[in-house]
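Subject: Structure handover

Hello,

Here is the structure for you to look over. My notes on it follow below.

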Amino acid sequence: RTLPFLWKTDPGIARHHRLVTIALYPIVKESQHIYYDATELLSILIDQFKDLEIPDCVKVYETFRRISTQFDELDQYYSWCKEAGVVRGSECPEVERITRKKLELMDEFIREKESDARSGLPVMDSEKEPVTA
C-alpha cells in the first residue's frame with residue numbers, strides 16, 4: 001500500500017522511468033517475504049482453528065477476512081509490477097486467495113460452535129471426544 005496511486009495507473013508510464021523500477025524492486029522483494037510469513041501464520045491459525053474458543057475463532061475469522069482483501073490487492077500489485085517490468089513473472093509468487101467459500105465455512109463452524117455452547121451440548125474437540133463447554 002506504499003504507492004497505491006502508482007499501481008492503479010498505466011504501467012507504461014513507469015516502464016519508461018528506470019528510477020521507478022529500481023526503487024520498487026526492493027519493495028516487491030520485501031513484500032514477498034512478508035507474504036510468505038503471513039501465509040505461514042495463516043496456515044498455523046487454520047490448523048488450530050477448530051480447537052480455539054469461540055471468541056478466538058471470531059478473531060481468526062476477522063483476520064482472514066481482512067487479509068483476504070489485502071491478498072487481493074497484493075495480487076493486483078504484483079500483476080502491475082510484472083506489467084511495468086519491475087520484476088519478471090517468475091519472481092513473484094502466485095498469491096493464494098482466501099476464497100469466499102473458506103470464509104463461509106469458518107463462519108458456519110463458529111455459528112455451530114456457538115449453537116452447541118448455548119444448547120449445552122458437549123463440544124467435540126479435534127480427536128472427536130466430547131469435552132464440556
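Is Thr39 buried or exposed? Thr39 counts as buried, because its relative accessibility is 18% and the cut-off for buried is under 20%. Keep in mind that this is a predicted model. Thr39 sits in helix H3, which covers residues 18-48. A polar atom of the Thr39 side chain lies 2.9 Å from the backbone oxygen of Tyr36.

Overall layout

The chain has five helices and two strands. Read from the N terminus, the order is α-α-α-α-α-β-β. The chain counts 133 residues, and 32% of them are buried. The exposed area comes to about 9200 Å². Carbon and sulfur atoms supply 54% of that area. Now the contacts. Take those between residues at least 6 apart in sequence: 74% of them join residues at least 24 apart.

Salt bridges

The count is five salt bridges. Three of the pairs are described here, beginning with Asp72 and Arg97, then Asp75 and Arg97, then Asp107 and Arg111.

The side chains of Asp72 and Arg97 form a salt bridge at 2.7 Å, N to O. Asp72 belongs to helix H4 (residues 54-84), while Arg97 is in the loop between H4 and helix H5 (100-119), so this pair ties together parts that are 25 residues apart in sequence. How open are the two partners? Asp72 is partly exposed, at 29% relative accessibility. Arg97 is also partly exposed, with a value of 45%.

Arg97 has a salt bridge to Asp75 as well, at 2.4 Å, N to O. This pair, too, links distant parts of the chain: Asp75 is in helix H4 and Arg97 in the loop between H4 and H5, 22 residues apart. Asp75 is buried, with a relative accessible area of 17%.

The salt bridge between Asp107 and Arg111 has an N to O distance of 3.0 Å. Both residues lie in helix H5. They are four residues apart, about one turn of the helix. Asp107 is partly exposed, with a relative accessible area of 22%. Arg111 counts as exposed, at 52% relative accessibility.

Which residues do shared partners join into one network? Asp72, Asp75 and Arg97 are the members, joined by their salt bridges.

Aromatic pairs

How many aromatic pairs does a search of the whole structure find? The search gives four. One of them is Phe49 with Phe109, a tilted pair with 5.4 Å centre to centre and 50° between the planes. Phe49 lies in the loop between H3 and H4, and Phe109 is in helix H5, so the pair ties together parts that are 60 residues apart in sequence. Phe49 counts as buried, at 6% relative accessibility. Phe109 is partly exposed, with a relative accessible area of 28%.

There is also a ring cluster. Ring pairs link Tyr35, Tyr36 and Phe71. Tyr36 appeared above too, since its backbone oxygen lies 2.9 Å from a polar atom of the Thr39 side chain.

Where to look

For a quick tour, begin at Thr39 in helix H3. Go on to Arg97, in the loop between H4 and H5. Finish with the tilted pair of Phe49 and Phe109.

Best regards

Definitions and conventions. Residues are numbered from 1 along each chain as its sequence is written. This is a predicted model: local features need pLDDT of at least 70, side-chain atom pairs count only at pLDDT 80 or more; totals for chains, interfaces and linings use all residues. Side-chain values use heavy atoms; hydrogens and water are left out. A salt bridge is a side-chain nitrogen of Lys or Arg within 4 Å of a carboxyl oxygen of Asp or Glu. Buried means under 20% relative accessible area, exposed over 50%, partly exposed in between (1.4 Å probe, protein chains only). A polar contact is a pair of N or O atoms within 3.5 Å; within protein, one must be able to donate a hydrogen and the other to accept it, and residues adjacent in sequence count only if both atoms are side-chain atoms. Contact means heavy atoms within 4.5 Å. Accessible areas come from the Shrake-Rupley method with a 1.4 Å probe; for residues, only the protein chains shown count as cover. Rings of Phe, Tyr and Trp (its six-membered ring) pair if their centres lie within 6.5 Å; planes under 30 degrees apart count as stacked, over 60 as edge-to-face and the rest as tilted.
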